[in-house]
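Subject: Handing over the structure

Dear colleague,

I am passing the structure on to you with this email, and my notes on what was found in it follow below. Please keep the sequence and the 3D view open while you read.

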Amino acid sequence: MRKLFGAQVVLDAVDLSLPAGSIGLLGPNGAGKSTFIKCLLQLQSKDGGTVSLLGKDIDEHGRETRRRIGYAPEQDCHIPGMIGCEYVTYCGELSGMPFEAARQRAHEMLDFVGMGQERYRKVDTYSTGMKQRIKIAQALVHDPDLVFLDEPTNGLDPKGQSMILELIQRIWQECGISVVLSSHLLHDVDRICDRIVIIAQGRIVAHDTLDSLKKRRKAEAEVVLSREHETAMAVFESLGWSCSKLSNGNIKVAHGEPSLNPLIRVLHENGIAPQEVRESPNALSELFVQALEEGGSK
């Protein structure tokens, strides 16, 4: 798929096939994630390529396909003046549901997202977290097979983020609805997604299961020492392991080994007693940067 804004290429020959499940669409702000989703849903026109959703070509079966898909956009999408249950009911009707069925389902979904006590309040009065929840409720009201959630934790504090992520996890695990979670937050994707798609500069730079991508990450560790920092770094460099001293005083070393055991053995053989040796705490961030670097070099 290809998308242009004037002369600017926003999506460049995106070629992707995704199975059912919980999928993270990860990339920095401006990478093209939201545009990609909007083109899939025909909210924006594509400038080339073919797209199939749920086994059907969107150019031929777009309206039929969208009835089976839920979408929670990044921006607020409520209707001013409407109360919560009315709004979700209306969204169900827009998806083709009869009024009575939409109203019953709306109440079920508001309970599911934890909004039962606020269903009769005007959406305008909701907090940021509540607005995110009702966006998810309207995306699920028509019982879709697939739901796209665009930056659903934006603007939330850590507690609010955790609650939304737990809710999203339940959508796939309990309801069997496939989820595509678009986010620039590595933690969100790592916590709930089985597969990951990394997009940058309008191109797919990585697509695999999260476990497989982590195995491709350059093996690095953080060594905590009370002394002998320079000695340890000299030993590492003599073995061809690049290393650097971090701002917290610890040593980051790219040992390239399948486990930490060779690193620990080298320290022991050289009489260096570490306080702690651990996998790099920024492993996912490094994985993301590595994928961007590899994609940019192609």
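I begin with helix H3, whose buried residues are covered by surroundings that include helix H4 (99-112) and H5. Please keep in mind throughout that this is a predicted model.

Helix H3 and its surroundings

Helix H3 spans residues 84-94, and its buried residues are Gly 84, Cys 85, Tyr 87, Val 88, Thr 89, Cys 91 and Gly 92. Cys 85, which lies in this helix, has a relative accessible area of 7% and therefore counts as buried. Leaving aside the neighbours within four places in sequence, Cys 85 is in contact with Ala 106, His 107, Leu 110, Arg 119 and Tyr 120. For one of these partners, Ala 106, the C-alpha atom is separated from that of Cys 85 by 6.2 Å, although the two residues are 21 places apart along the chain. Just after H3, Gly 96 takes a positive phi of about 100 degrees.

The nonpolar cores

It is a general tendency of soluble globular proteins that nonpolar side chains are buried together. In this model the largest nonpolar core has 45 residues, and the members that touch the most other members are Val 88, Ile 136, Leu 140, Val 147, Leu 149, Ile 168 and Ile 171. Helix H5 (residues 128-140) gives the most to this core, contributing 6 residues. Apart from this core lies another one, of 21 residues, which includes Leu 41, Leu 146, Val 197 and Ile 199. Returning to Leu 149, and leaving aside its neighbours within four places in sequence, one finds it in contact with Ala 72, Ile 136, Ile 168, Ile 171, Val 179, Val 180, Leu 181 and Ser 182.

Strand S3 and its partners

Why can strand S3 (residues 22-26) be called largely enclosed by the rest of the structure? The reason is that 5 of its 5 residues are buried. Both of its faces are covered, with Ser 22, Gly 24 and Leu 26 buried on one side and Ile 23 and Leu 25 buried on the other. S3 is joined by 5 bridges to strand S8 (residues 178-183), and the two run parallel; in this pairing Ser 22 stands opposite Val 179. S3 is also joined by 4 bridges to strand S9 (residues 195-200), again in a parallel arrangement, and here Leu 25 stands opposite Val 197.

Strand S8 also holds Ser 178, which counts as buried because its relative accessibility is 9%. Not counting neighbours within four places in sequence, the residues in contact with Ser 178 are Ala 20, Gly 21, Asp 145, Leu 146, Val 147 and Trp 172.

Asp 150, a buried charged residue

Asp 150 is found in strand S7 (residues 146-150). Asp 150 is buried and yet has no salt bridge, and the nearest side chain of opposite charge, that of Lys 38, is 6.1 Å away. Which side chains, then, make polar contacts with the side chain of Asp 150? One is that of Ser 34, at 2.6 Å, and another is that of Ser 182, at 3.3 Å. Not counting residues up to four places away in sequence, Asp 150 touches Ser 34, Ile 37, Tyr 71, Ala 72, Pro 73, Glu 74 and Ser 182.

Helix H1 and two positive phi values

Helix H1 (residues 33-40) is mostly covered, since 6 of its 8 residues are buried, namely Lys 33, Thr 35, Phe 36, Ile 37, Cys 39 and Leu 40. Just after H1 comes Gln 42, which is placed in the loop between H1 and strand S4 (52-53). Gln 42 has a relative accessible area of 33% and so counts as partly exposed.

Most residues other than glycine have a negative phi. Gln 42, however, has a positive phi near 60 degrees, and Asp 143 likewise has a positive value, near 55 degrees. Asp 143 lies in the loop between H5 and S7.

With best regards

Key:
Residues are numbered from 1 along each chain as its sequence is written. This is a predicted model: local features need pLDDT of at least 70, side-chain atom pairs count only at pLDDT 80 or more; totals for chains, interfaces and linings use all residues. Side-chain values use heavy atoms; hydrogens and water are left out. Buried means under 20% relative accessible area, exposed over 50%, partly exposed in between (1.4 Å probe, protein chains only). Lys and Arg count as positive and Asp and Glu as negative; His and the chain ends are not counted. A salt bridge is a side-chain nitrogen of Lys or Arg within 4 Å of a carboxyl oxygen of Asp or Glu. A polar contact is a pair of N or O atoms within 3.5 Å; within protein, one must be able to donate a hydrogen and the other to accept it, and residues adjacent in sequence count only if both atoms are side-chain atoms. Contact means heavy atoms within 4.5 Å. A nonpolar core is a set of buried Ala, Val, Leu, Ile, Met, Phe, Trp, Tyr and Cys residues joined through side-chain atoms within 4.5 Å. Two strands pair if DSSP finds at least two bridges between them.
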